[in-house]
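Subject: Structure for your review

Dear colleague,

Please find the structure below, together with its sequence. I should be grateful if you would read the notes that follow alongside it.

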Amino acid sequence: SADIHLFKTFTNSGKIIAYSIFENATQSDAIALYKIWIDTASYKITKNKSAFGIRLDYANNSRAVGFDGETLLLIEERNGIFHNILKLDVSKNVAYGGGDCENTEMFKQKSILVIDKVNSDKEYNNIIEKVSFEHFT
């Protein structure tokens, strides 16, 4: 697996004002990380706080169990430290079968994040994952 080092700096001085390491941020060391980016959407996690996302786009090249996908890490900054409050597989495609098209099974998963704004009196608003799943043989 791989770690992510996340830091925030002052643009004029370069001084680091927030820093955290997210250990084992990827599922395996046998993947290719194609893209990593900051999702700047405002994820309203409480009445007065927002989080941001880090998205990972990855794949492996295994003939036995090939997969690709996108993961969202939902991040909150508190007191100069970043906290990963949720890890969501936004999409995942998995193929089993050893590279032989005749005997291949495929699974496709898509997830969306729903943040309930009604429950803002708790530590966090309710965060709900809605998942759709397809199986192909």
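The notes below describe the sheet, the salt bridges, a surface patch and one loop residue.

This is a predicted model, in which local features need pLDDT of at least 70 and side-chain atom pairs count only at pLDDT 80 or more, while totals for chains, interfaces and linings use all residues. Residues are numbered from 1 along each chain as its sequence is written, and side-chain values use heavy atoms, with hydrogens and water left out.

The sheet

Six strands make up an open sheet, in the order 3-4-5-6-7-8, with antiparallel pairing. Strands here are DSSP runs of E with at least two residues, numbered from the N terminus, and two strands count as paired if DSSP finds at least two bridges between them. In general, strands of a sheet pair through backbone hydrogen bonds, either parallel or antiparallel.

The order of the sheet places strand 3 and strand 8 (127-136) at its edges; each has a single partner strand, so one side of each is left without a neighbour in the sheet. From one strand to the next, the twist averages 20 degrees; the underlying axes are lines fitted to C-alpha atoms, and angles run from 0 to 180 degrees between N-to-C directions.

At one edge, strand 3 and strand 4 run antiparallel and are joined by nine bridges. Ala32 has Ala59 of strand 4 as its bridge partner. The two strands form a hairpin, with five residues between them.

Strand 4 is also joined to strand 5, by eight bridges and again in the antiparallel sense. Here Arg55 has Leu72 of strand 5 as its bridge partner, and the hairpin between strand 4 and strand 5 passes through five residues. Strand 4 is mostly covered, since seven of its 10 residues are buried. Buried means under 20% relative accessible area, exposed means over 50%, and partly exposed lies in between (1.4 Å probe, protein chains only).

At the other edge, strand 7 (residues 105-115) pairs with strand 8 over 10 bridges, in the antiparallel sense. Within this region, Lys108 stands opposite Glu134 of strand 8.

Salt bridges

The structure holds six salt bridges, each defined as a side-chain nitrogen of Lys or Arg within 4 Å of a carboxyl oxygen of Asp or Glu.

Which residue forms a salt bridge with Lys49? The partner is Glu76, with the closest N and O atoms 3.4 Å apart. Glu76 lies in strand 5 and Lys49 in the loop between strand 3 (32-44) and strand 4 (50-59), so this pair ties together parts that are 27 residues apart in sequence. Glu76 counts as buried, at 2% relative accessibility, whereas Lys49 counts as partly exposed, at 39%.

Glu76 also forms a salt bridge with Arg78, where the closest N and O atoms are 3.3 Å apart. The side chains of Glu76 and Arg78 are likewise in polar contact (3.3 Å); a polar contact is a pair of N or O atoms within 3.5 Å, where, within protein, one must be able to donate a hydrogen and the other to accept it, and residues adjacent in sequence count only if both atoms are side-chain atoms. Arg78 is partly exposed, with a relative accessible area of 27%.

Asp39, Arg55 and Glu70 are joined into one network by salt bridges that share partners. A further salt bridge links the side chains of Lys92 and Asp89 (4.0 Å, N to O).

The surface patch

Phe7, Ile16, Tyr19 and Ile21 form a nonpolar patch on the surface, with about 400 Å² of accessible area together. Patches are made of residues with over 30% relative accessible area and no salt bridge; like charges are joined within 9 Å, and nonpolar side chains (Val, Leu, Ile, Met, Phe, Trp, Tyr) within 5 Å. Accessible areas come from the Shrake-Rupley method with a 1.4 Å probe, and for residues only the protein chains shown count as cover.

Strand 2 (residues 16-22) gives the most to this patch, with three residues. Tyr19 is found in strand 2 and is partly exposed, with a relative accessible area of 39%.

A loop residue

Asn79 has a positive phi of about 55 degrees, although it is not a glycine. Asn79 is placed in the loop between strand 5 (65-78) and strand 6 (81-96), and is exposed, with a relative accessible area of 81%.

Yours sincerely

Terms used: Helix = DSSP H or I, 4+ residues; strand = E, 2+ residues; numbered from the N terminus.
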